[in-house]
Amino acid sequence: MKRNQDASQRRARLADIAERAGVATSTVSRILIGEKTLSIRPETRERVLELARALSYRPNPRARSLQARKSFSIGLVIPEIDNPVFGAIIRGAQRVAIERGYSLLIAYADKDFPDQDLYARLVEDNQVDGLLVTTLQTAPPFDPGRWSIPYVLVNRDRGADDPKVMVDYRHGTRDAVRYLAGLGHRRIAYVSGPLEHYTGRTRLEGYRAGLAEAGLEFDRALVVECDYGRAEAESAMSQLLKSEGSAPTAVCAANVAVSAGILAVLARAGIAVPQQVSVLALLDTFVADMLTPPVTAVSYPFIDLGRASASYLLDMIELGKPSAAAPPLPRHGITVRGSCGPAPA
């Protein structure tokens, strides 16, 4: 009795599937690793896959890696661990990795404590099969030519012909400016992230496009850079309030953290939001609902971005580089909350 219980509770083996399917163990192995050159009837392949699911078969990771000469793991490099955007990207990528039998290794590129060997450890020590890269500014710089390994840039652009998956920051920002113009605002400021970075440049393009479509002139004095943090945003907003000419009646903030700094400056100055100045964040997170007032923001599908990026990378690993570039993921739209209203008379 005990022997039967042990047999039923032990981990399923390739030999168990092969015996029930009536094929060789090597055939089961080749089917489960997805070998494309295996010549076998479709019904036999499906029977083996169904038995693997029914027996809850999980391959031995070491044996699987040795046989396929792969680690069945991918690396994801992120520059911030407290940013909800990267949390959403991780969740999306992790779901795809699990679905396709891979592990996801997350590496933190800390700008304040740079790890010059970060990529070397992922590629050489951990032997990941591919890389998802979400930062090009933090050290160490990503050098795709150093290793012959598939990679995908996630919402980043080096200006080269890289495999990449993007969200549509340009059109999202354009829509935000048009929304504010539709409320009657004519002096619309933009507190940007660093304009040397891809996201800052792309949003600036969208900002200018939105102004042009609304029939408004671009005023460089209404664009101020900051480093995405709340303290830097407070300094930027203070600068806008002191600038020559009439003050803005609406402000586009690079993200929700920047909008929090803007709200703090306006509150200290006794300027009511949205009665006197409207504030709109160009990138939404759950924190927007926690501010006073809750901040209107442009929503993007960052979980979908993680999923699409991981799928793109795994297709490259398993099938070779896809022939078609991934199109930009569309924005979800503007989530209207309490921080925007009609322009003051």
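## Close-up views of a predicted model

**Figure 1. Lys-111 is out in the open and has a partner.** At 54% relative accessibility, Lys-111 counts as exposed, because the cut-off for that label is over 50%. Keep in mind that this is a predicted model. Lys-111 makes a salt bridge with Asp-227, and their closest N and O atoms are 3.7 Å apart. The two come from distant parts of the chain, 116 residues apart: Lys-111 sits in the loop between β2 (103-108) and α7 (118-125), while Asp-227 sits in the loop between β7 (223-225) and α10 (230-242). Asp-227 has a relative accessible area of 38%, so this residue is called partly exposed.

**Figure 2. More charged pairs to look for.** How many salt bridges does a search of the whole structure find? The search turns up 20. One joins the side chains of Glu-46 and Arg-53, at 3.0 Å from N to O. Glu-46 is partly exposed, with a relative accessible area of 42%. Asp-115 and Arg-121 form a salt bridge too, with 2.1 Å between the closest N and O atoms. Asp-115 has a relative accessible area of 25% and is partly exposed, and Arg-121, at 35%, is partly exposed as well. Elsewhere you can spot a network of salt bridges linking Arg-174, Asp-175, Arg-178 and Glu-213.

**Figure 3. Helix α11 is mostly covered.** This helix takes in residues 256-268, which makes 13 residues. From the first C-alpha to the last, α11 reaches 19 Å, close to the 18 Å expected at 1.5 Å a residue. Of the 13 residues in α11, 10 are buried, including Val-256, Gly-261, Ile-262 and Leu-266. What do the buried residues of α11 pack against? Their neighbours are β6 (188-192), α10, β8 (250-253) and β9 (278-281).

**Figure 4. The two ends of α11.** At the start of the helix, look for Asn-255: one of its side-chain oxygens comes within 3.2 Å of the backbone nitrogen of Ala-257. Just after α11 comes Gly-270, with a positive phi of about 75 degrees.

**Figure 5. Strand β1 is hidden from both sides.** Why is β1 (residues 73-78) described as largely enclosed by the rest of the structure? Six of its six residues are buried, so that description fits. In a regular strand, side chains take turns between the two faces of the sheet. Here Ser-73, Gly-75 and Val-77 point one way, and Ile-74, Leu-76 and Ile-78 point the other way. All of these residues are buried. Next door is β2, which runs parallel to β1 and is joined to it by six bridges. Ser-73 stands opposite Ser-103 in β2.

**Figure 6. Inside the largest nonpolar core.** In soluble globular proteins, nonpolar side chains tend to be buried together. The largest nonpolar core in this model has 77 residues. Which of them touch the most other members? They are Leu-132, Ile-188, Tyr-207, Ile-262 and Phe-302. You've already met Ile-262, one of the buried residues of α11. Zoom in on Leu-132: leaving aside neighbours within four places in sequence, its contacts include Ile-74, Gly-75, Leu-76 and Val-77. Also among them are Ala-93, Val-152, Val-154, Ser-309, Ala-310 and Leu-313. Apart from the largest core lies another one, of 16 residues, and Ala-109, Tyr-119, Leu-122 and Ile-149 are among its members.

How values were computed. Residues are numbered from 1 along each chain as its sequence is written. This is a predicted model: local features need pLDDT of at least 70, side-chain atom pairs count only at pLDDT 80 or more; totals for chains, interfaces and linings use all residues. Side-chain values use heavy atoms; hydrogens and water are left out. A salt bridge is a side-chain nitrogen of Lys or Arg within 4 Å of a carboxyl oxygen of Asp or Glu. Buried means under 20% relative accessible area, exposed over 50%, partly exposed in between (1.4 Å probe, protein chains only). Helices (H or I, at least four residues) and strands (E, at least two) are DSSP runs, numbered from the N terminus. The expected span of a helix is 1.5 Å times one less than its number of residues. Contact means heavy atoms within 4.5 Å. A polar contact is a pair of N or O atoms within 3.5 Å; within protein, one must be able to donate a hydrogen and the other to accept it, and residues adjacent in sequence count only if both atoms are side-chain atoms. A nonpolar core is a set of buried Ala, Val, Leu, Ile, Met, Phe, Trp, Tyr and Cys residues joined through side-chain atoms within 4.5 Å. Two strands pair if DSSP finds at least two bridges between them.
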